[in-house]
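Biologist: Please take a close look at a single part of this model, starting from one residue and what it touches. After that, work outwards until I can place that part in the whole chain.

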Amino acid sequence: MLQQAVFSSYARKEEGTGKVFADCAGKKEFRKGLLITAVPCFFLLGLKGLLLLLVVALATEGGRRFFEKRLGGVTGDTQGFAGEVGEALFLLCGAVLL
């Protein structure tokens with residue numbers, strides 16, 4: 001969700017649930033979020049945890065590009081979608097990998 005908010009523009013002209021998140025999130029917040037996520041992944045799962053994180057990041061980037069092309073940016077709904085897909089993908093790939 002943070003990845004979409006930082007690297008995409010907000011798609012709607014009017015206010016929406018994701019506007020504040022998209023407007024206030026920057027590269028500094030992205031680096032902090034990545035660190036907060038990557039450290040536990042590494043300590044709990046080792047390099048496999050970082051691989052899982054990379055898979056989720058690549059899938060999120062694909063979704064971000066799709067929404068940029070189709071909608072002209074992201075919304076709160078697309079950010080929520082990214083969160084749900086990211087969680088499911090992490091768990092599914094984790095079950096296969098581990």
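Modeller: Let's start with Gln3, which, once neighbours within four places in sequence are set aside, is in contact with Phe30, Ala57, Thr60, Glu61 and Arg64 (contact meaning heavy atoms within 4.5 Å). Before going on: this is a predicted model, in which local features need pLDDT of at least 70 and side-chain atom pairs count only at pLDDT 80 or more, while totals for chains, interfaces and linings use all residues. Residues are numbered from 1 along each chain as its sequence is written, and side-chain values use heavy atoms, with hydrogens and water left out.

Gln3 sits in helix α1, and α1 covers residues 2-7. Helices here are DSSP runs of H or I with at least four residues, strands are E runs of at least two, and both are numbered from the N terminus. Gln3 counts as buried because its relative accessible area is 14%, and the label buried means under 20%, with exposed over 50% and partly exposed in between (1.4 Å probe, protein chains only). As a yardstick, the C-alpha atoms of Gln3 and Val55 are 13 Å apart, with their positions 52 residues apart along the chain.

Now look at the other side of that contact list. Among the buried residues of α4 are Thr60, Glu61 and Arg64, alongside Gly49, Leu52, Leu53, Val56, Gly63 and Phe67. The buried residues of α4 pack against α1, α3 and α5. Helix α4 itself runs over residues 47-71, and its 25 residues reach 35 Å from the first C-alpha to the last, close to the 36 Å expected at 1.5 Å a residue; that expectation is 1.5 Å times one less than the number of residues.

Phe30 takes us to another helix, since α3 covers residues 27-45. The 19 residues of α3 should span 27 Å at 1.5 Å a residue, and its end C-alpha atoms lie 26 Å apart, so the two agree. Both of these helices are followed by a glycine with positive phi: after α3 comes Gly46, near 70 degrees, and just after α4 comes Gly72, at about 85 degrees.

Back to the start of the chain, past α1. Ala11 lies in the loop between α1 and α2 and is partly exposed because its relative accessibility is 25%. Leaving out residues up to four places away, Ala11 touches Leu71, Gly72, Gly73, Val74 and Thr75. Gly72, then, is both the positive-phi residue just after α4 and one of the partners of Ala11. The C-alpha atoms of Ala11 and Phe67 are 8.8 Å apart, though the two are 56 residues apart along the chain. Glu14 belongs to that loop between α1 and α2 too, and with 48% relative accessibility it counts as partly exposed.

Next is Ala22 in helix α2, residues 19-24. It is buried because its relative accessible area is 12%, and beyond four places in sequence it touches Ala5, Tyr10 and Gln79. From Ala22 to Cys93 is 28 Å, C-alpha to C-alpha, and 71 residues in sequence.

Gln79 is worth a stop of its own. It is found in helix α5, residues 76-97, and counts as buried because its relative accessibility is 2%. Outside its neighbours within four places, Gln79 is in contact with Met1, Gln4, Ala5, Gly18, Phe21, Ala22 and Val74. Val74 turns up with Ala11 as well, and Ala5 with Ala22.

Zooming out, the protein comes to five helices and zero strands, running α-α-α-α-α from the N terminus on. Of its 98 residues, 33% count as buried. Among contacts between residues at least 6 apart in sequence, 68% join residues at least 24 apart. A compact globule of 98 residues would have a radius of gyration near 13 Å, and the protein has 14 Å, so it agrees with that rule (taken over C-alpha atoms, the rule being 2.2 Å times the number of residues to the power 0.38). Along its principal axes, the C-alpha trace spans about 45 × 25 × 20 Å.
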